[in-house]
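The following exercises are intended for a reader who is meeting this structure for the first time. Please attempt each task before reading its solution.

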Amino acid sequence: MRITLLKTFLITCFGLLFLASCDDSDDQREFEQEAMAEPSGYTETDFNGEIISEDPDDWRIGPMFGTSVDVQEPAFPNPTEGDDITINIYILTNNAVDGLFVRHRDERGYFRRLYQDDTRPLMPGIKQIRFDPVDMSLTGTIDDARGLHRIFVFDANDNLITYGDVKVE
């Protein structure tokens with residue numbers, strides 16, 4: 001009887017752990033689906049990274065990274081007229097992130113790389129991401145980069161860490 005009770009207890013514990021991990025996966029999957037929506041607003045910032053107005057959908061952290069990563073300063077300047085865009089991400093814990101890959105979706109729906117750091121793992125501290133908004137253009141001109149763009153920050157395993165919208169004027 002004791003063995004049966006122990007088996008039941010262990011099966012219940014493993015089941016609960018499995019379900020808890022499914023919730024995290026489901027939350028991450030939902031977060032990633034939300035990220036794929038069309039950009040609809042942006043967090044306005046100045047050249048120093050100070051927030052002027054905030055879009056509550058921008059720069060949220062994915063459930064997989066909630067306690068290990070934070071966006072220290074969202075994309076700035078935003079909007080930009082062609083100046084390089086900077087995003088400061090704060091890595092809070094060891095082994096939290098394997099590399100950073102910044103991408104955006106072009107007019108054809110393909111992901112284009114804007115920035116890459118494949119250091120594994122990234123050490124705790126502030127990681128500065130910087131890219132040229134011209135790289136969001138298919139033709140390499142600022143005129144074709146104009147508009148509102150969704151920027152995605154992934155880890156090396158293609159898990160979405162955060163996303164936000166950038167406006168090129």
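The exercises below concern selected strands, loops and residues of a predicted model.

**Exercise 1. Strand S6 and its partners**

Task: Determine which strands are joined to S6, and in which direction they run.

Solution:
- Step 1. Strand S6 spans residues 100-105.
- Step 2. Six bridges connect S6 with strand S7, residues 111-117, and the two run antiparallel. Within this pairing, Arg-105 has Phe-111 of S7 as its bridge partner.
- Step 3. Strand S9, residues 147-154, is joined to S6 by four bridges, again in an antiparallel arrangement. Here His-104 stands opposite Ile-151 of S9.
- Step 4. The link between S6 and S7 is a hairpin with five residues between the strands. In its turn, Gly-109 has a positive phi of about 95°.
- Result. S6 is joined to S7 and to S9, and both pairings are antiparallel.

**Exercise 2. The surroundings of Arg-103**

Task: Establish whether Arg-103 is buried or exposed, and identify the residue whose side chain makes a polar contact with the side chain of Arg-103.

Solution:
- Step 1. Arg-103 belongs to strand S6, where five of the six residues are buried.
- Step 2. The relative accessible area of Arg-103 is 18%. The cut-off for a buried residue is under 20%, so Arg-103 counts as buried.
- Step 3. Beyond four places in sequence, Arg-103 touches several residues, among them Phe-111, Leu-114, Ile-151, Phe-154 and Asp-158.
- Step 4. The side chains of Arg-103 and Asp-158 are joined by a polar contact of 3.0 Å.
- Result. Arg-103 is buried, and its side-chain polar contact is with Asp-158.

**Exercise 3. Asp-106 in the hairpin loop**

Task: Describe the position of Asp-106 and find which residues outside its sequence neighbourhood are in contact with Asp-106.

Solution:
- Step 1. Asp-106 is placed in the loop between S6 and S7.
- Step 2. With a relative accessible area of 6%, Asp-106 is buried.
- Step 3. A polar atom of the Asp-106 side chain lies 2.9 Å from the backbone nitrogen of Arg-108.
- Step 4. When neighbours within four places in sequence are set aside, Asp-106 is in contact with Arg-112 and Leu-138.
- Step 5. Asp-106 and Met-136 are 30 residues apart in sequence, and their C-alpha atoms are 7.0 Å apart in space.
- Result. Asp-106 is a buried residue of the loop between S6 and S7, in contact with Arg-112 and Leu-138.

**Exercise 4. Backbone features in the loops**

Task: Locate Trp-59 and Asn-95, and decide whether each is buried or exposed. Then locate two cis peptide bonds.

Solution:
- Step 1. Trp-59 lies in the loop between strands S2 and S3. Although not a glycine, Trp-59 has a positive phi of about 65°.
- Step 2. The relative accessible area of Trp-59 is 8%, so this residue is buried.
- Step 3. Asn-95, in the loop between S5 and S6, likewise has a positive phi, of about 55°, without being a glycine.
- Step 4. Asn-95 has 61% relative accessibility and therefore counts as exposed.
- Step 5. The peptide bond from Asn-78 to Pro-79 is cis, with omega near 15°; Pro-79 is in the loop between S4 and S5.
- Step 6. Arg-120 and Pro-121 are also joined by a cis peptide bond, with omega about -20°. The loop between S7 and S8 holds Pro-121.
- Result. Trp-59 is buried, whereas Asn-95 is exposed; the cis bonds lead into Pro-79 and Pro-121.

Conventions: Residues numbered from 1 in each chain as written. Predicted model: local features only at pLDDT ≥ 70, side-chain atom pairs only at ≥ 80, totals over all residues. Heavy atoms only, no water. Buried < 20%, exposed > 50% of the residue type's maximum accessible area, 1.4 Å probe, protein only. Polar contact = N/O pair within 3.5 Å; in protein donor to acceptor, adjacent residues only side chain to side chain. Contact = heavy atoms within 4.5 Å. Pairing = 2+ DSSP bridges.
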